[in-house]
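Visitor: Could you take me through one part of this model up close? I'd enjoy a connected account that starts there and then follows its surroundings.

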Amino acid sequence: MDRGLAMRRLWWKETRQLVPLAAMLVVLAAVLHLVAALAGDRLFRSESSQSIAMIAMLGMPGLFAVGAGTLLVGQEWDVRTMGWLAGLPVTGREIVKAKLAVGLAGLVVIWAVVGVYLVGAWTMGVVDTEFWHDALRAWPAHTVFLLFAATALAWRLKSSLLSLLAVVPTALLPLALVTLAMRVAPQARWSNGRDTTNVWLLAAQSVCALAAFGLAWRWGHRAFLPARTAESRQSYGADRRPSRAVWNAVPIPSPYSALFRQFAVQSRVPLAAVSGLFLVGVLVDAAVGFVGAGAAIRMVASAWLGVLVFQGDTVGRRIAFLADRGIEPRRVWSSRIAVPFVILGLLVCAALAATVPGTSWLRETRFASVRMFGSLMALAELAAFVVGQWAGQCIPSPVIALIAGPILAMAAIGFSVAAQFSLGTPWWLAAIVYLAPILATRCLTRGWMDRRFGASYWVQQSLFVSVFLILPVIPFLNAVVREPSMAGSIAREIEGVVRQFGSEAATRPSVELVLRKGVATEDTSDGSATDGAMTMNADPVAAGVTRRDSSADSASVNRVHPLPSEDPIGAELARIAEQLKSTTGPINAAGYRVTRFVWHVAIVSRAHLAANGGPVDVSAASARHYGQSIALMTELAQRLRLSPRLVEQDSADLIEIHLLFELRLSGARERIGAEQYASSVALLADTASRNAARRRAVALSWHAFQSVPPRANAPTDLGGYSIAAAPGGGLTHGVLLRRRAGMAIADLWALLGDGSESGSVERRRRINVLCGTYDVDAFEPELRVGKDAGGPDPAVGYLITRWEQPGVARHWFGNWEREAAELGGHADSP
Amino acid sequence: MSTESREPVISVRQLAVAFPACDVLRGIDLDVERGTVFALLGENGAGKTTLIRILTGYLKPGSGSCRVLGLDPVRDAMEIRRRVGYVSDAPALYDWMRVGEIGWFAAAFYAPGFIDRYHEAVERYEVPEDRKIGHLSKGQRAKVALALALAHDPELLILDEPTSGLDPLVRREFLESMLDRVATGRTVFLSSHQVAEVERVADTVAILHDGRFRVIDTLSRLRETATEIVVSLDDPLVVLPLPGEPAEILSDRNEGRQRRIVARGLVETQLDEWRARPGVVDIRVRGATLEELFAATVRGRDGMMTGN
Amino acid sequence: MFFSIDPSNGVAIYEQIVRQVKFAIAEGILRPGQLLPSVRTLSRQLAINPNTIHRAFQQLQADGAVEPLRGRGLAVRSDAKRACVEARRALIADRLRSVLAEGLHAGLTSSDLRQLVRNQLARLDGHVATVASVDEEPNA
């Protein structure tokens, strides 16, 4: 016998047995990535942690380690090929060595795959290096330990199911050791807390891995030695149990009770172990004091209960006993699912009961409602059970089913949650689709019993899977399909305008004007109530601008400006003019304080001029201020119009309205000066260029909106306006928002095309709905002096205004434009 | 028992099934009369188990039809399995149950009387009732499986190589149980390659080879018509004419100057014709055993005859 | 009585049963009025298909060796013995003839054959117990 060839073949066989495990893990990783992509950023990403997909990649080597150990050894015991293997002319040592080596090699390969993935993610810049640095220091050694531990347990327990269950507590062994060591070792010797934990952990893992390796070697070797007499006697000797008369005396059970009993007795050890695991999860909650700490453990236990439903009979083809005797599939199905389901129900109730407020061990809860979180967890556990039982029927190998079950359950739950948040699926729909796996197993029980895993079986399973995946998506699809989108013709027109002006907008950035600190009145509200009032001291000596906090009970008059000789208002206006002169581009609506200040100056200075009396130089100053402010208002309007954003267009509208008011007053020309008056009137009368600017702004705003993908957490900006969020989140949010924004833009475009109010009530409504505008009553600014204002000082006057915030197209084609045009017409003919 | 009907218990017409790599069955016709033993012979892999799986509804035939107890296995497989006693090769039993327990468990699904018959059978087979099935020897397992299959007194017993690998005593027990069924008017469908056993107990024998029945006839007729002929020749190159229908040459081997032919339906006139041929020295005829018939059918001709 | 059935010796099984019953009657092992074992018992005992046994019994009935007794089974007829003795004689004569023919065919002379028969009888005489079943020699 060619020894080398024999050993190579043995190694090949072991490797070949691992392929389904590796393939399944890859598929599951892909599925988790899909779910994570669907969920988007909203659900799973927080500032400091990585997305669930990346963590899943991290988990892969661990699952592989556990699965490889269990599969290579445990499965051989289950299907009884170990005996055949022992009969080959290779020594037991070589077999044990081959299994360990192949497992280790496979683990290295999986780590290499994960490494490649991480490198790719790192080059894309989505990796939190600190987190991964920690993870990569602690985790690889742990996976090696898991591999050896799983192998050792499989050799000892001689069953894949039991060894898999036993691995769960064993996996925590290094952690437990480290905790123990940290308690025992004096704290003072170590300076840096986190580094020492890592070192201790690594040490514990190495020690445990070596111990597990030794045990695996020893127990593996022992499995091939002749069984000791005690074990032999147990195999073939008489059992010390009641005599045969027992079964004669017991009455024949009904079919259902016979089946229930058969299932319960057959699977009693795995059922007990998994129930124990579930209770451990509840205890972890108690130990940590936080509902949900043991959630992951309970989910795994629920999924495993589901897997046991069908896997209990798959082992050794036991189901053939019932199949050969023609037991109805419905009886088989209900008896398989009943016992684990009842057990799950009891456990879930126990977990729920423990969330009753006031339970002694619930020291601290971080959720507003423990009850609600507990209920959600109960639902999740039921869902995990349902998915687990489906996985248990579909997957022939018990080890792979046990590993895949919890992962599929979490993927399914993740999908449901993502669908609710991202696609706007109603909760009842997301819950109802969990009937699909139950129906699937019920309908395909016959195929599973007869082991007819042919094409028709898999087609039917796929149908049920499709129902599960597609049904929750239907509301989203429905909403998306029904939401109207911008007409193609309009899109093309807009596209034309964008091409014409797009580059221009890019090269001329907008400028935000600023005021010197302390000059402006305070922004106390969002503009819907009376803004801060500005007071002006009529006393020429203290011709400063004082500030009054309108919300305070007592008036605090703060003199914030220096001596009157410096003319602070004029200086400020000059400063504003400087800022305007220094650039040529459009100005930003964010500088609305400047605009407001200028406007206030105009009002107050006009009031001063209107009030008869007062020193001559005050009048002169006021006249100067008035003229300057009007000029500035004109220029501000012009510069706002240059902006490619809608908000500036509407801000310009507001200024122009105020300007029109001033220009229409009698004696305006004299106050302002003929030249300035003429140019201001010309600006106001130029409807054509105003509309052209608006059109440009609409097109460019839409263009800018389209080039930025809507983010779930950040507000969306359309032409400077914040868009109200669409219902749902994630995908729904993005798609519906785009559609609605498009419709709003189309409406604006049509509005501009029509040039009038005709037939645009509907449009207005749509625009308002999108941009959340509100109606504002007209408000005439008022200047009250002395006793009328209720103030103590008869000389002090109070200006009461309301600064309106810009709203989308609120003043387009208003009456003021007609009046402005008329004014322009009259200006030509004095 | 149901009314005695003249209808065959199992009836198969033109049954064919193909697996991805090979055609396992290529057109099978058979009828199994009530109260008889039908034996299906064939090499390993000839398709015996496939046929049985189709009859019990585990597989769907590619084409053709079959009826078992008047029911269609495609539609009523469960009903068939309930009414038939089916013992597969390597039957599935719950290893963790005890012998008495598994009978008690199975009794839940059948009419009353099951448990008594089961106990009686188990006692007759001398299987200890309080032992776990996982600890039984192979023969004892087979006996338990048979006891379970017989305990509900099925009209039809289907056995798929039940005694392969069992010792002669256990085989004998199986035979006795089978024949007991027939003596009370039930039917047995047996698939086996223990030809000697089949020779004792079968009423009808079918030899399955290459997806078709090469031989299907009652045993008595087979024995009457199957002959082994040893022809002594002067000259080994002498060629003998083929006999006409309905005689059939099954195998033909040369050994030096002697030729050994296994044939069916060969009549005396044909033998005389051969005797008259030049170069033929002597012809000895004797009845062929079923084993020889089987070997001849399966291995086929490898000699020289006209028309080959 | 004990039967000894050899399925593969060329003689049909039912025929073997018929012969052995007749020989037993001729020998006196089976007495007139005695019941034959039931089909079921015999089939279990010999592991032979009951239909075959049934056929054998029908044959015996047709040959007049047994008759049905209502409610009890088949019983040996009182006048069966002589017929069976005759049958036995005829069968042995047949076999003797075929052996002698074989001898003649092989080239032995009549006197050789006679000598052989005398010698063999001399050797066997007194050493063979009369038994109900006959050991059939397999055909050459």
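Which domains does the domain assignment of chain C give, and which residues does each one span?

Guide: Happy to. Please keep in mind that this is a predicted model. For chain C, the assignment gives domain 1, covering residues 13-80, and domain 2, covering residues 85-124. Their C-alpha centres are 29 Å apart. Where the two meet, four residues of domain 1 of chain C are in contact with four residues of domain 2 of chain C. On the domain 1 side of that contact there are two nonpolar residues, two charged residues and no polar ones.

From chain C we can step across to its contact with chain B, to which chain B contributes 19 residues and chain C 14 residues. On the chain B side, the elements that supply two or more residues are α6 (168-183), α7 (195-201), α8 (219-225) and β13 (280-287). Of these, α6(B) gives the most, with seven residues. By residue class, this side of chain B has seven nonpolar, four polar and eight charged residues.

Chain B also touches chain A, in a contact that takes 27 residues from chain B and 26 residues from chain A. Here the elements of chain B that give two or more residues are α2 (77-83), α3 (99-107) and α4 (114-125). The biggest contribution comes from α3(B), with six residues. The side of chain B that touches chain A consists of 15 nonpolar, four polar and eight charged residues.

Now let's look inside chain B, at strand β8 (residues 204-209). Five of its six residues are buried, so β8(B) is largely enclosed by the rest of the structure. Strand β3 (residues 37-42) of chain B runs parallel to β8(B), and five bridges join the two. In this pairing, Leu41(B) stands opposite Ile207(B) of β8(B). Strand β9 (residues 212-218) of chain B pairs with β8(B) as well, this time in the antiparallel sense and over six bridges. There, Thr204(B) sits opposite Thr218(B) of β9(B). Strands β8(B) and β9(B) form a hairpin with two residues between them, and in this hairpin Asp210(B) takes a positive phi near 60 degrees.

One general point may help as you inspect these strands: side chains in a regular strand alternate between the two faces of the sheet.

Methods. Residues numbered from 1 in each chain as written. Chains lettered and ligands numbered in written order. Predicted model: local features only at pLDDT ≥ 70, side-chain atom pairs only at ≥ 80, totals over all residues. Contact = placed C-beta atoms within 7 Å. Helix = DSSP H or I, 4+ residues; strand = E, 2+ residues; numbered from the N terminus. Nonpolar A, V, L, I, M, F, W, Y, C, P; charged D, E, K, R; others polar. Domains from an automatic or database assignment. Buried ≥ 20, exposed ≤ 12 C-beta atoms within 10 Å, placed from the backbone. Pairing = 2+ DSSP bridges.
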